[in-house]
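User: Please take a close look at the aromatic pairs in this structure. Describe how the rings are arranged and what surrounds them.

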Amino acid sequence: MDGRLMIAYIESGIFLILALVAFALEAWAFVDCLRRKPAAFEAMGKRTKTFWMALTGGATAIGLISVVGSGGGLFGTLGLFGLAAVVAASVYLADVRPAVRDAGAGGSRNNGPYGPW
């Protein structure tokens, strides 16, 4: 087997793994957003549920295109839209999800090491 061909196979495998991880992250954000109550988003000042459903749903669609597509270009894992989709899902999971989860549980964000205070 030619060395260049082997490197191409390894590169394709790495991009496929990155695409699968990105798609899992985007799907997790979309499903989590789907499960939350609309009032929790507005109560925490995090836009509307419709906005986040559209954003995470679009990110999931781009992730799916990245997995089943050719893996390159604008919709590839490391393409412009692929990176934007990962960023959108990451923002939801890192910022919106914790706030909405706290609002949905009726708790507050003032928690100490042993519970609310």
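Analyst: What follows is an account of the aromatic rings and their setting. The model is a predicted one. Searching the whole structure gives two aromatic pairs.

One pair is formed by Phe 51 and Trp 52, whose ring centres are 5.2 Å apart. Their planes stand at 85 degrees, and an angle over 60 counts as edge-to-face, so this pair is edge-to-face. The two residues can be described by their accessibility. Phe 51 is partly exposed, at 31% relative accessible area, whereas Trp 52 has 8% and counts as buried.

The ring of Trp 52 also pairs with that of Tyr 92, with 5.9 Å between the centres. Here the planes are at 50 degrees, which falls between the limits of 30 and 60 degrees, so the pair is tilted. This contact links distant parts of the chain: Trp 52 lies in helix 3 (residues 49-68) and Tyr 92 in helix 4 (residues 80-105), 40 residues apart. Tyr 92 is buried, with a relative accessible area of 0%.

Through these ring pairs, Phe 51, Trp 52 and Tyr 92 are linked into a cluster. Phe 51 has a charged group to consider as well. The charged end of Arg 47 sits over the ring of Phe 51, at 4.6 Å from the ring centre.

How values were computed. Residues numbered from 1 in each chain as written. Predicted model: local features only at pLDDT ≥ 70, side-chain atom pairs only at ≥ 80, totals over all residues. Heavy atoms only, no water. Phe/Tyr/Trp six-rings, centres within 6.5 Å; stacked < 30°, edge-to-face > 60°. Buried < 20%, exposed > 50% of the residue type's maximum accessible area, 1.4 Å probe, protein only. Helix = DSSP H or I, 4+ residues; strand = E, 2+ residues; numbered from the N terminus. Lys NZ or Arg CZ within 6 Å of the ring centre and 35° of its normal.
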